[in-house]
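Open the model in your viewer and keep the selection tool at hand. This tour tells you what to pick next and what you will find there.

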Amino acid sequence: MFDDANIIVGLEIGTSKICAVVGEQNADSTLNIVGLGQARTLGVRKGEIVDAAQAEECVRNAIVEAEQRADVEIRSVYLGVTGGHLRGFNNRGVHPVVSADREISEDDVQDVIKNAKAINLPAENTIVHAVRQHFLVDGHDSISNPVGMLGARLEVNMHVVHGNTNRLQNSVRLVKGLQLEVEEIVFNGLASSLAVLTSEQKELGALVIDIGGGTTDYVVYADGVIKHTGVLAIGGDHVSNDLGHGLRVPLSRAEKLKLEHGSALLDEDLKGRTLTISNELGLPLKTINVEHLQRIMSLRLEEIFQIIASDLEQAGLTEYLRAGVYLCGGGSRAPQIAKLAELVLQMPVSLGQTNSISGLTSALDQPEFLTAIGLAKFGSLKTRKPKRKWPFGNGIKGTITNFLRR
Amino acid sequence: MNTNTETPTVATESNTMRTIKIIGVGGAGVSMLDTLDMGEFAGAGLVAINTDGASLAASTATMKIHLETKLLRGLGTGGDSERGQTIAEEQFSTLKAACAGADVVLIITGLGGGAGSGISPVLARAARETGALVLAFVTLPFQCEGNRRQHQAKQSLDQLKAVADGVICLPSQKAFKLIDENTSVLDTFRITGGLLMEGVRGVWQLLTRPGLIQIHFNDLCGVVRDRHSESSFAFVEASGAGRSREVVEKLLAHPLLDEGRALAEADVLLVSLMGDKDLTMAEVNRVMEQMGRHCEHAQIIMGAAVDADLKNRLSVTVIAAKHNTASITTSNATTGDQRGQVNPQGATARSTSPNVATAMTLDSREQILARNASRPRKAQSKMRQEQLPLAIISKGRFDKSEPTVHKGEDLDIPTFVRRGVALN
């Protein structure tokens, strides 16, 4: 049995599956994955809970499995959240340095961060993350720690992710109903990017796209900080739904066809290829044109990338992504998806893998689990003794704990 | 014969103000007039006109005119508008005297009965002859009140349109949206009367309160003239912090605007905002922005005024009007070609009346409409591209979830359907 104090659990309640990753923090603050539990989800649509009773049962199953695998008792989790209501934007706080010698003190830094967080949000929304980007001293950009510098005007850029309070609380309450503490809520896209990107890639600039069952979350890093986040409430479910509609087959069958014969790009020798699906007795039910299947799927995935591309273009970030694009999530399993993404985004695209975490057998290094692994990593970054200050700042913790106490 | 129970006292408190007379005609008109708040309408001459002495006796109006002839034998018009008209013609000079000195005459009446339908058009003509601008607020009867009253009301409305500067018309039938199974008849009439009076109040405020952005009476008449059957109005009030948002919500839910549909169809829209001294430009802007959004094609006439008495309330009057070519031709025709046309049914009554010119029967109306139908109606041909209901695309498992909308596209609908990719 491990010492419970070092156990960190990431829990992702996804649209298609629930995944709980148990990590153990080593003495040198690295994270060691010791167990993983998962369960198929019921009662979640587009990343949000629609049937709490069903979803609760599924979460319980995943947690129980993770406890057995890791042989620990899970008391608290870092909970991943997503949903179409989440929004990310950049905000700037300004603070004049008033001390006589114009030296910027720790208090000035706290004040400017406070200013940056004074955001005019809709009343029903709460901040999920407020991540510090860079400081500006008298207009000079890219200063990561201004304490001790001289200047008259201190500014800070923040990336703020916010969402509807009630909808965020739904999953928090569900987890609390299982007698588990929620340490923090974390945006799924952010967790995935933590698992996938190395600090070098963050510095160069990278885009992580997590194509899940119900939502597609994406995060842009540049110059080592988060520049942009987005949630698109479209995912693998939509592909299955499109197939069900287009091929006139039930949803469960469409799901199966997607996994067995789907492709993000049309295969070359498709012309006239057909499939015969049969019922449980082996009698042929229907003939399906594979070309149609792949075209429907390809169009949907293409559209997802197009929407992301236009969003990034609007944010003016396309030029910053020198490390390229990383795909993860169950959707990234679709054959040739990286090629399709390359065609749309005009950038090198690869499938994301986590390499910064030890103890991971190849069975666990799957694109579906990256979010939950990232959640555990987020937790380990939060709990380790800070040698150097974690760039998310103290404020975020306060924000979230306050939020959870409500 | 006629008995002026009180001498006409035209109260003109301030000389800068227009002299306005509000005249209630007939049983409905008089009782609606009584519901007016005397304090608010100080300065207006309130006049009650009826053929029925009992209803006048109960009225609180400052001036009462009892029209009576031997013909009626003290029994009122008996619901016959021709009797009402005859008697009004006889007493034309009295009516004219009642309107004398007014700049604006507001006629309030319920059409369908004898007095209201018969007297109002004549009164409107009398008021016009004294040089006043005439605006009529009328209710049309409920459908259950029967064909005869409907017919009478329609006739009278056509006559009113021909002579008045503007007619604002409230079909009582619309009040059905406001009442439930248990609403008493009395309450129902009170509701319809109340709605009409809100309109009067709105116009009254429009005319009397100092406007920051003035709406001229001409603007008002321009909006309602020749569009009577299609003009609808609403008066709403709200107070508190979110008042500008609240008034817009109320307007869009207003039964008289068909839950906002009347706004979308309107050609001309008159919006008048009243607030206390705290009325902010942002509030005015917010209301107008919403209005503009809901009626993109309409010409919008806007006014804003300040009234300290409103105390934190914001009141908005909206008059929406739609062009109606048929009613324009009708009103032209009544004054022109129809002069001297004698109708066999109403011949006896009308021969005694000098008002043949404006009198109009259903037959003559039908003739005009038939003539209209035979020539191509260019003015009406404002083509609007109708959207056909498309085949419903099932969203499958996302049918009941919140739609994912991106730049106006519902992304839950399969991509290949939205892009029109054919599968065969």
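**Stop 1: a covered helix in chain A**

Select residues 236-247 of chain A. This is helix α6, twelve residues that reach 16 Å from the first C-alpha to the last. That is close to the 16 Å expected at 1.5 Å a residue, where the expected span is 1.5 Å times one less than the number of residues. Helices here are DSSP runs of H or I with at least four residues, strands are runs of E with at least two, and both are numbered from the N terminus.

A word on the model before going on. It is predicted: local features need pLDDT of at least 70, side-chain atom pairs count only at pLDDT 80 or more, and totals for chains, interfaces and linings use all residues. Residues are numbered from 1 along each chain as its sequence is written, while chains are lettered from A and ligands numbered from 1 in the order in which they are written.

Stay on α6(A). How many of its twelve residues are buried? Eleven are, so the helix is mostly covered. A residue is buried if 20 or more other C-beta atoms lie within 10 Å of its own, exposed if 12 or fewer, and partly exposed in between; the C-beta atoms are placed from the backbone. Among the buried residues are G236(A), H238(A), L243(A) and G246(A).

Now show what covers them. In chain A, the cover includes β12 (206-211), α7 (251-261) and α8 (290-315). Chain B adds α15 (415-418). Contact means that two C-beta atoms, placed from the backbone, lie within 7 Å.

**Stop 2: two positive phi angles**

Step past the end of α6(A) to R248(A), which follows the helix. Its phi is near 55°, a positive value in a residue other than glycine. R248(A) sits in the loop between α6 and α7 of chain A. Is R248(A) buried or exposed? It counts as exposed, because it has 11 C-beta neighbours inside 10 Å.

Jump to K46(A). K46(A) is not a glycine either, yet its phi is positive, about 50°. Look for K46(A) in the loop between β4 (44-45) and β5 (48-49) of chain A. K46(A) is buried, because 27 other C-beta atoms lie within 10 Å.

**Stop 3: a residue in α8**

Select Q294(A), in helix α8 of chain A. It has 24 C-beta neighbours inside 10 Å and therefore counts as buried. Add G262(A) to the selection. The two residues are 32 apart along the chain, but their C-alpha atoms are separated by 5.7 Å. Leaving aside neighbours within four places in sequence, Q294(A) is in contact with G262(A), S263(A), L266(A), D267(A) and L270(A).

**Stop 4: helix packing in chain B**

Switch to chain B. Select α4 (residues 92-99) and α5 (residues 114-129). They pack at an angle of about 55°, with their axes 8 Å apart. The axes are lines fitted to C-alpha atoms over the stretch in contact, and angles run from 0 to 180 degrees between N-to-C directions. The two helices are therefore oblique to each other: under 35 degrees counts as roughly parallel, over 145 as roughly antiparallel, 65 to 115 as roughly perpendicular and the rest as oblique.

α4(B) passes α5(B) in a right-handed crossing; the near helix is turned clockwise from the far one by less than a right angle, whereas anticlockwise would be left-handed. From α4(B), the contact uses F92(B), L95(B), K96(B) and C99(B). From α5(B) come V122(B), L123(B), A126(B), A127(B) and E129(B).

Keep α5(B) and add α3(B), residues 81-90. This pair packs at about 40°, with axes 7 Å apart. The crossing of α3(B) and α5(B) is right-handed. In α3(B), the meeting residues include S81(B), R83(B), Q85(B) and A88(B). Among those in α5(B) are G114(B), S117(B), V122(B) and L123(B).

**Stop 5: zoom out**

Show both chains. Their contact takes 20 residues from chain A and 14 residues from chain B.

Colour chain A by secondary structure: eleven helices and 18 strands. Of its 406 residues, 48% count as buried. Chain B has 15 helices and 14 strands. Of the 424 residues of chain B, 44% count as buried.
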